[in-house]
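Visitor: I am new to this structure and should be grateful for a close look at a single part of it. Please choose one place, describe its surroundings, and then set it in the context of the whole.

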Amino acid sequence: MAIHGLNISMAVFIALSAYGLLLYYEGGADAAKATTLLTTLSYLAVLVICIAGIGFFGMQLDRRKSEERREEEARKEEEAARKGRRKPVKGA
């Protein structure tokens, strides 16, 4: 869920940013004058939600990766402890 949420948030943020840049370069001043306050506020709200989603899902992904890393280290330590307790084979 963290990976998909992060990807969706980043994709929407990039798409809205690209859309804003295209409007700017294609006569953005005229488009800005034609938009209503409600349209501008909703655009900004979606951008803020996307940024918050990137932060939230990024933290979830980091937490998940650190848990997996700790589990892997614990498994390796347990495996090393098991190997350390074995008696060496005689005659080899």
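Guide: Let us begin with Arg 75, which is partly exposed, its relative accessible area being 40%. That value falls in the middle class because partly exposed covers what lies between under 20%, which is buried, and over 50%, which is exposed. Before going further, please note that the model before you is predicted.

Arg 75 takes part in a salt bridge with Glu 72, in which nitrogen and oxygen are 2.4 Å apart. Arg 75 and Glu 72 stand 3 residues apart in helix α3, so about one helical turn separates them. Glu 72 is likewise placed in the partly exposed class, at 32% relative accessibility.

Arg 75 also forms a salt bridge with Glu 79, where the closest N and O atoms are 3.2 Å apart. Here the two residues are 4 residues apart in helix α3, again about one turn of the helix. Glu 79 has a relative accessible area of 30% and is therefore partly exposed. In general terms, side chains of opposite charge can pair when their charged atoms come close.

Another salt bridge of helix α3 joins Arg 82 to Glu 78, with 3.7 Å between the closest N and O atoms. This pair qualifies because the limit for a salt bridge is 4 Å between a side-chain nitrogen of Lys or Arg and a carboxyl oxygen of Asp or Glu. Arg 82 and Glu 78 are also 4 residues apart, about one turn of helix α3. For Arg 82 the relative accessibility is 40%, so this residue counts as partly exposed. Shared partners, meanwhile, link Glu 72, Arg 75 and Glu 79 into one network of salt bridges. In total, the count of salt bridges comes to 4.

The helix that carries these residues deserves attention along its length. Helix α3 spans residues 37-85. Ser 66 belongs to this helix and is buried, because its relative accessible area is 19% and the class requires under 20%. The side chain of Ser 66 reaches the backbone oxygen of Arg 63, at a distance of 2.9 Å.

Gly 58 is another residue of helix α3, and it is buried as well, with a relative accessible area of 15%. Gly 58 and Asn 7 lie 51 residues apart in sequence, while their C-alpha atoms are 9.6 Å apart in space.

We come next to the aromatic rings. The structure holds 1 aromatic pair. It consists of Phe 56 and Phe 57, whose ring centres are 5.1 Å apart and whose planes meet at 75°, so the arrangement is edge-to-face. The two rings differ in class: Phe 56 is partly exposed at 41% relative accessible area, whereas Phe 57 counts as buried at 18%.

Helix α3 also contributes to a nonpolar patch on the surface. Val 46 has its place in this helix and is partly exposed, at 35% relative accessible area. Together with Ile 8 and Val 12, Val 46 makes a nonpolar surface patch of about 230 Å².

Finally, these details may be set within the whole. The protein has 3 helices and 0 strands, giving the pattern α-α-α when read along the sequence. Of its 92 residues, 14% count as buried. About 7800 Å² of the protein is exposed, and carbon and sulfur atoms supply 65% of that area.

As to confidence, the mean pLDDT of the protein is 81, with 86% of the residues reaching 70 or more. Confidence is highest in α3, the helix examined here, at a mean of 87, and lowest in helix α2 (residues 28-34), at a mean of 70.

Key
Residues numbered from 1 in each chain as written. Predicted model: local features only at pLDDT ≥ 70, side-chain atom pairs only at ≥ 80, totals over all residues. Heavy atoms only, no water. Patch = residues over 30% accessible without salt bridge, like charges linked within 9 Å, V, L, I, M, F, W, Y side chains within 5 Å. Areas by Shrake-Rupley, 256 points an atom, 1.4 Å probe, with all protein chains shown as cover. Buried < 20%, exposed > 50% of the residue type's maximum accessible area, 1.4 Å probe, protein only. pLDDT = per-residue confidence, 0-100. Polar contact = N/O pair within 3.5 Å; in protein donor to acceptor, adjacent residues only side chain to side chain. Phe/Tyr/Trp six-rings, centres within 6.5 Å; stacked < 30°, edge-to-face > 60°.
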